[in-house]
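Subject: Structure handover and findings

Hello,

Here is the structure for you to look at. My notes on what was found in it follow below.

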Amino acid sequence: MSNANAQNDKPTKAPTDTKVTDDPYLWLEDIRGTRSMDWVKQENAVTTKQFVDNAEFVKTRDSILEVLDSDARIPDVGRMGDYLYNFWRDKAHPRGVWRRTTLAEYRKAEPKWDVVLDIDALNKAEDKRWVFKGVQCLKPNYARCLISLSPDGGDAVTVREFDIPGKAFVKDGFELPVAKTEASWIDDNTIYVGTDFGPGTMTESSYPRIVKEWKRGTPLTAATTVYAGKPTDLAIGASHDRTPGYERDFVSVAKDFFHSELYQRVGDKLIRVDVPTDASADAHREWLLVQTRSTWTIGGSTYPSGALLATKFDDFMAGKPHFTVLFKPDAHTSLASGTWTRHHLILDVLDDVKSRLEVLTPPEKGTADWKRETMPGAPAMSTVSVVDTDPDNSDEYWLGVAGFLTPASLQRGVLGSVPAETIKQEPAFFDASKFEVSQHFVSSKDGTRVPYFEIAPKDMKLDGSNRTLLYGYGGFEVSLQPFYSGSVGRAWLDRGGVYVVANIRGGGEYGPQWHQAALKANRPRAYEDFAAVAGDLVKRGVTSAKHLGAEGGSNGGLLMGNMLTMYPQLFGAIACEVPLLDMKRYTHLSAGASWMAEYGNPDTADWNFIKTFSPYQNLHKETHYPPVLFYTTTSDDRVGPVQARKMAAKMQAMGIPDVWFYENLEGGHGAGADNKQAALMHALAYDFLWDQLK
């Protein structure tokens with residue numbers, strides 16, 4: 001493609017406004033209604049016949065399932081006391097087992113596991129389809145736990161008290177009905193709980209508005225209210241820090257996705273931890289860490305957005321903070337995370353989206369400065385992340401290491417005494433020797449330098465003929481770092497395809513400012529970035545429009561919807577997964593109200609800019625759209641299935657060809673409730689794209 005044609009990345013139509021009352025597909029918002037589900041079943045049957053009922057699909061699905069079910073995968077662990085705990089799904093345990101082992105046993109090639117809870121056995125005994133959603137155990141003995149179980153894979157869960165020594169749920173123990181619940185331990189007989197206490201007790205975003213203190217042996221109705229938020233708040237929560245000598249209680253008030261207030265609970269009083277509402281604050285022993293999202297001036301000093309600051313907690317609460325800058329970003333770096341061990345703080349720094357770790361040691365008595373050391377370097381084009389530590393008791397740390405062509409490994413070390421050593425190594429699920437990883441940068445429409453990773457055959461010809469899959473997200477300050485995927489390797493790379501990950505604005509790759517650059521009225525900057533990457537792939541000869549596909553889910557599904565409506569000429573096919581699409585109605589669907597800080601409020605004047613990136617409103621009969629697959633799940637109680645339903649139905653009614661839809665019943669805001677369902681959904685997307693891009 002010539003340079004002139006490469007600039008053909010402008011939106012095809014000016015957006016139009018559509019009143020909600022003019023929407024003929026509101027009936028599809030009745031999620032489990034008979035008419036809606038009949039439509040879903042009909043669409044599923046059509047898509048299944050076209051893409052699933054053939055030998056090639058079965059081959060792809062089974063190849064992915066083999067990866068997901070493989071016994072050679074690394075069982076990720078988290079330490080609780082003397083044991084390492086893991087949740088594991090495989091062919092024999094589709095819903096999974098929660099199990100534990102010792103470090104000595106875990107080091108072995110085939111560790112012996114003690115199964116604590118078998119979800120499949122529980123489902124058989126209770127005639128349910130529970131999906132494991134996590135566990136919180138009471139320190140320091142870890143004998144009692146609060147286990148969250150979803151009836152269908154959604155965010156709404158039942159919470160039930162479990163006894164590890166007895167391997168059974170506690171009779172007459174703490175138990176809460178299915179709701180979007182947050183619960184945490186205070187002591188052996190008391191928990192904090194935020195749940196659906198009845199009408200008016202959930203926020204407009206569908207999360208707990210009230211947090212209470214609940215005593216064992218008393219009815220939930222007798223629980224004491226600790227804090228009651230406003231209906232417009234995002235969510236309210238509370239926690240208890242059991243660290244000996246530093247026992248503290250906190251109440252968090254999330255105003256929206258990026259603004260919150262933190263209070264220390266002292267008796268009946270709530271004392272504000274007075275940091276900016278867009279900053280995050282974390283207390284660990286005597287220290288308070290503050291990570292900024294905007295410039296902050298305090299005590300005569302000004303700190304930039306994206307910085308990490310440290311001060312003594314008691315000094316700060318007394319109004320006498322003395323901040324030390326632990327991290328300050330520059331044009332190439334951002335802070336991905338900070339994780340405590342007993343005596344140290346490990347920083348995960350992104351340098352042009354590639355990881356490096358630093359170890360910081362707080363000053364001891366008689367010293368004033370934090371000590372800083374760099375941990376051994378990570379492999380090129382890789383991600384190194386802290387996956388677990390034991391901050392109460394030791395300086396043990398666990399690292400996950402992976403790259404696009406480097407199978408994941410799990411390393412363990414003890415700061416100051418035991419250097420990191422590889423404990424587990426995942427096998428190669430595809431032959432990586434045939435491929436190479438490169439990082440490229442392209443100028444977006446406004447001149448911003450946007451990075452992207454490319455995984456391609458070493459002998460790739462730059463003749464525009466390569467089937468290429470471009471993946472993106474671009475929202476909520478989420479960074480897309482290098483990762484290893486046996487599924488991508490088998491279902492895309494091994495076929496000869498090129499896989500590309502775009503690090504567009506809206507993500508967190510370059511800190512808060514990278515995210516804020518695509519907020520609300522600036523959301524189209526993310527779409528311009530993605531289009532620029534697509535154009536660069538064509539300009540460089542990697543692919544051409546008819547061979548270029550795009551994939552994204554959730555906020556990435558909104559990205560795909562806008563690629564479809566704004567830049568249809570750039571793509572040969574699009575897979576749009578669990579998406580937001582109707583931005584006029586999104587705040588009234590599922591948990592949509594929680595994202596107004598990201599997109600704006602369509603019920604106000606914000607609609608003037610939101611309508612420019614609302615795919616559902618921006619469809620035009622006369623536009624030629626590339627083939628598109630929408631997939632979602634009935635049980636998704638976060639984004640919900642109705643937006644994908646309505647978009648597909650509207651496009652079909654407009655006579656637009658090659659519009660496909662598939663809805664899985666379970667799985668929540670994910671690909672499925674078990675590995676088999678996940679394999680089907682992933683295979684459907686990859687086979688659809690591969691077939692359309694030939």
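Contact here means heavy atoms within 4.5 Å. On that basis, 57% of the contacts in the chain between residues at least 6 apart in sequence join residues at least 24 apart. Please keep in mind that this is a predicted model.

Overall form

The chain holds 14 helices and 39 strands. Its radius of gyration is 25 Å, close to the 26 Å that the globule rule gives for 694 residues, so the chain is as compact as a globular protein of that length. Taken along the principal axes, the C-alpha atoms fill a box of roughly 70 × 55 × 55 Å.

Of the 694 residues, 58% are buried. The exposed surface of the chain comes to about 28,400 Å², and carbon and sulfur atoms supply 49% of that area. As for charge, there are 78 positive and 91 negative side chains, and the centres of the two sets lie 1 Å apart.

Nonpolar cores

Which residues touch the most other members of the largest nonpolar core? They are L470, F530, F571, F630 and M651, in a core of 114 residues. Helix α14, residues 675-692, gives the most to this core, with eleven residues. Another core lies apart from it and has 16 residues, among them M80, Y85, W98 and Y142.

F571 shows what the surroundings of one such core residue look like. Leaving aside neighbours within four places in sequence, F571 is in contact with L470 and F530, both of which are also on the list of core residues that touch the most other members. The other contacts of F571 are A534, A545, L548, G549, A550, M563 and P626.

Backbone points

Three places in the backbone are worth checking on your side.

- K139 and P140 are joined by a cis peptide bond, with omega at about 0°. P140 sits in the loop between β5 (131-137) and β6 (144-150).
- S206 is not a glycine, yet has a positive phi of about 80°. The loop that holds S206 runs between β11 (190-194) and β12 (210-215).
- S590, again a residue other than glycine, has a positive phi near 50°. S590 belongs to the loop between β37 (573-577) and α11 (596-599). With a relative accessible area of 29%, S590 is partly exposed.

Individual residues

Four further residues were looked at one by one. Contacts listed for them leave out residues up to four places away in sequence.

D233 is in the loop between β13 (224-228) and β14 (235-241). Is D233 buried or exposed? At 2% relative accessibility, D233 counts as buried, because the cut-off for buried is under 20%. D233 touches T203, S205, V253, A254 and K255. From D233 to A526 the C-alpha distance is 27 Å, with their positions 293 residues apart in sequence.

F430 is placed in the loop between β31 (418-425) and β32 (435-443). F430 is buried as well, at 5% relative accessibility. The residues in contact with F430 are F404, L405, F435, Y484, S485, G486, G489, R490, L493 and D494. E477 is 47 residues from F430 in sequence and 31 Å from F430 in space, C-alpha to C-alpha.

T158 lies in strand β7, residues 157-163. The relative accessible area of T158 is 5%, so T158 is buried. T158 touches W130, I147, S148, L149, L176, P177 and V178. T158 and T448 are 290 residues apart in sequence, and their C-alpha atoms are 46 Å apart.

S544 is found in the loop between α9 (524-539) and β36 (548-553). S544 counts as partly exposed, at 21% relative accessibility. What does S544 touch? Its contacts are G464 and V538. The C-alpha atoms of S544 and P165 are separated by 60 Å, and the two residues are 379 apart along the chain.

Regards

Definitions and conventions: Residues are numbered from 1 along each chain as its sequence is written. Side-chain values use heavy atoms; hydrogens and water are left out. Helices (H or I, at least four residues) and strands (E, at least two) are DSSP runs, numbered from the N terminus. The radius of gyration is taken over C-alpha atoms; the globule rule is 2.2 Å times the number of residues to the power 0.38. Buried means under 20% relative accessible area, exposed over 50%, partly exposed in between (1.4 Å probe, protein chains only). Accessible areas come from the Shrake-Rupley method with a 1.4 Å probe; for residues, only the protein chains shown count as cover. Lys and Arg count as positive and Asp and Glu as negative; His and the chain ends are not counted. The place of a charge is taken as NZ of Lys, CZ of Arg, CG of Asp or CD of Glu. A nonpolar core is a set of buried Ala, Val, Leu, Ile, Met, Phe, Trp, Tyr and Cys residues joined through side-chain atoms within 4.5 Å.
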